Amino acid sequence: MGVDELATPFAKLYFSDEMISKYEPLVTAIQLMNETDGEDEEVKKDYEIHYRRFKEFEWCSNWNGKKYDIVFYGVSGYTGYLMMSYLKRVALKKTPEDFTFAFAGRTPSKVYELLAREFGGTKWENTEVLQMSYDDVFSIIDLVKSARVIVNVAGPYMLTQGEIMVDACVHMGVHYCDISGEVPWTLRLLDLHNKAMDNGVHIIPSSASAGGFPDLGMFMISQKMKADYGEDLRKGICYQSGGGAAAGSSGGTLATRQAMSEAGDDVRKEMANPFSMGGFIADRDRWGVKHCSIEFGTGKVTPKLRGEDLDANMSKISQDPKLGVWRGPFTYSYFDTRIVRRSNMLFADLGNCPYGRNFSFLEYAMLPDQAVLAAQMAKAAAAAAEAARWEQGLARVVETVAGIHDRRSDDAWRPLKTVGPLQDDLQLLEATVTWNDQGFGNAKGRVRAVLRRGGGDLGEVDCFGLAPRPLAQSRTQLLDIAGVKPVRGDSIAFEYIVGGGGGHELEIKTFEAAVALLEAECDAP
């Protein structure tokens with residue numbers, strides 16, 4: 001096996017000196033090969049037999065030879081109950097073809113308990129239950145060899161070593177899917193993409209409501225658009241509705257949210273990147289050159305995000321200008337958008353048939369009328385509460401800028417004002433600008449806030465949207481930057497862009513950033 005193949009999670013665990021030492025016939029064969037310099041044909045033949053048995057997992061497997069169409073892993077909790085209930089009520093009754101299945105979990109007794117409750121008295125009451133834990137490589141091998149497809153519902157995924165099982169599926173030609181909605185987990189699986197492709201294995205995380213439903217919707221709309229009009233999709237917007245007064249989150253979902261909220265800075269930075277799972281940024285200028293951002297001080301060049309792809313578009317309550325519906329942030333907006341962008345990229349790379357070559361995708365919760373009224377009332381109450389917070393003795397730092405009129409019509413981000421280093425954790429940031437875009441055609445001027453910590457950028461957020469015409473005032477309030485809470489020692493850098501294409505100017509009459517801290521004021525920059 002090549003070096004890269006041995007670097008994957010399961011391979012590192014299985015193809016190790018420790019594991020080889022447990023298979024004594026192979027150890028002996030290796031010793032004899034060394035003693036004879038590989039020139040003894042009988043010794044060589046014996047080595048090849050044992051190495052094949054080791055490579056194909058024959059020596060250590062207790063697999064009974066029975067292979068199920070589907071093995072459901074992690075079916076002992078609430079999600080397991082939903083899985084079994086759906087099987088009983090829908091899949092086993094309405095699926096036209098028969099299929100075989102087994103259940104599995106880390107603790108079989110819990111699975112048996114749920115099995116007896118859901119399938120007792122039916123012909124499936126004796127469904128086989130398999131045991132597997134991530135610290136037992138032999139149980140992983142037996143489970144994977146027992147399946148044609150594994151459905152993993154054991155989350156939070158990012159807190160498990162689930163990539164070991166996924167990698168084992170890749171090695172043994174078993175398809176895999178799960179119901180995750182976690183950016184960090186999906187990023188951990190991307191390293192297995194090429195090997196899965198080579199082995200003809202489908203690895204499909206996020207194949208349920210998170211990720212799966214919006215992506216299927218965009219796929220179907222894309223197919224319809226191409227069939228009826230011969231055109232790519234230019235823009236997709238997904239509106240989610242549902243729930244109600246009694247709706248809530250399961251314990252697993254809450255544990256997942258807690259795990260993501262407690263993730264380190266590197267993970268949170270990736271979570272804040274709209275293209276962390278891949279995708280392509282389509283914008284090119286009139287000369288066919290990609291729009292890029294150049295990092296001051298390092299010269300690092302990255303493709304510039306279009307305004308229409310920014311997460312900030314989904315973070316506020318607004319009204320759709322075309323449909324008239326009111327919309328707001330949705331639980332999985334910042335996950336589903338990344339999944340759809342990745343699928344667009346894969347369709348382009350693997351089949352030259354993306355949803356669209358200039359495609360953008362956003363997702364919102366569709367707000368019912370009563371929710372809109374409640375949100376408007378809450379917004380007014382929040383504004384009053386935040387105004388009161390300024391009077392509660394919080395340290396307030398105000399930075400101002402006046403008189404910028406930039407005629408450089410390009411896509412470079414330029415410094416506007418930096419607040420920090422902060423002398424305490426941020427409680428509230430309020431930014432106000434009086435400005436206008438004096439260009440021709442589409443307005444392009446913007447202002448963004450960039451959170452900087454320890455010499456690196458942790459995330460950015462668009463502050464006001466596109467600059468207005470004519471001169472007007474814009475205001476925003478922030479409690480975090482791209483989901484990351486600014487803390488003592490951080491700096492918040494405000495930058496502006498004029499916008500390329502020729503003829504654009506940006507005038508900033510006044511800009512003010514007011515920062516509320518818990519205790520002490522920060523020094524002037």
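**Briefing: two sheets and their helix packing**

Helix 7 (residues 137-145) lies across strand 1, strand 2, strand 3 and strand 4, and runs at about 115° to strand 4. This is a predicted model. The protein chain has a mean pLDDT of 85, with 86% of its residues at 70 or more. The strands under helix 7 belong to an open sheet of 6 strands with parallel pairing. An open sheet of 4 strands has antiparallel pairing.

**Confidence**

- Residues 390-395 stay under 50 in pLDDT. The model still gives this stretch 17 contacts beyond four places in sequence.
- Residues 520-525 also stay under 50 in pLDDT. Here the model has 19 contacts beyond four places in sequence.

**The parallel sheet**

- The strand order is 3-2-1-4-5-6. Strand 3 (129-131) and strand 6 (203-204) are the edge strands, and each pairs on one side only.
- Helix 5 (residues 78-94) packs on this sheet and touches strand 1 (68-73), strand 2 (101-105) and strand 4 (147-152). The direction of helix 5 makes about 170° with that of strand 2.
- Strand 1 runs parallel to strand 4, and 5 bridges join them. In this pair, Val71 stands opposite Ile150 of strand 4.
- Strand 1 also pairs with strand 2 in the parallel sense, over 4 bridges. Phe72 stands opposite Phe103 of strand 2.
- In a regular strand, side chains alternate between the two faces of the sheet.
- Strand 1, helix 5 and strand 2 together make a β-α-β unit, which is right-handed.
- Towards the strand 6 edge, strand 5 (residues 175-178) pairs with strand 6 in the parallel sense over 2 bridges. Cys177 stands opposite Ile204 of strand 6.

**Helix 7 with helix 8**

- Helix 7 packs against helix 8 (residues 162-172) at an angle of about 50°, and their axes are 10 Å apart. That angle makes helix 7 oblique to helix 8.
- The crossing of helix 7 past helix 8 is right-handed.
- Helix 7 makes the contact through Ile140, Ile141, Leu143, Val144 and Lys145. Helix 8 contributes Ile164, Met165, Ala168, Cys169 and Met172.

**Helix 3 with helix 4**

- Helix 3 (residues 24-35) and helix 4 (residues 41-55) pack at about 145°, with axes 9 Å apart.
- Their crossing is left-handed.
- On helix 3, the contact residues are Pro25, Leu26, Ala29, Ile30, Leu32 and Met33. On helix 4, they are Val43, Lys44, Asp46, Tyr47, His50, Tyr51 and Phe54.

**The antiparallel sheet**

- The strand order in this open sheet is 14-19-16-17. Strand 14 (414-419) and strand 17 (456-462) stand at the edges. Each has a single partner strand, so one side of each is left without a neighbour in the sheet.
- Neighbouring strands are turned by 25° against each other on average, direction ignored.
- Strand 16 (residues 446-453) pairs with strand 17 in the antiparallel sense, over 6 bridges. Within this pair, Leu451 stands opposite Gly459 of strand 17.
- Strands of a sheet pair through backbone hydrogen bonds, either parallel or antiparallel.

Key:
Residues numbered from 1 in each chain as written. Predicted model: local features only at pLDDT ≥ 70, side-chain atom pairs only at ≥ 80, totals over all residues. Heavy atoms only, no water. pLDDT = per-residue confidence, 0-100. Contact = heavy atoms within 4.5 Å. Pairing = 2+ DSSP bridges. Axes fitted to C-alpha atoms, helices over the stretch in contact; angles between N-to-C directions. Right-handed = clockwise from strand over helix to strand, strands pointing away. Parallel < 35°, antiparallel > 145°, perpendicular 65-115°, else oblique. Left-handed = near helix turned anticlockwise from the far one by under 90°.
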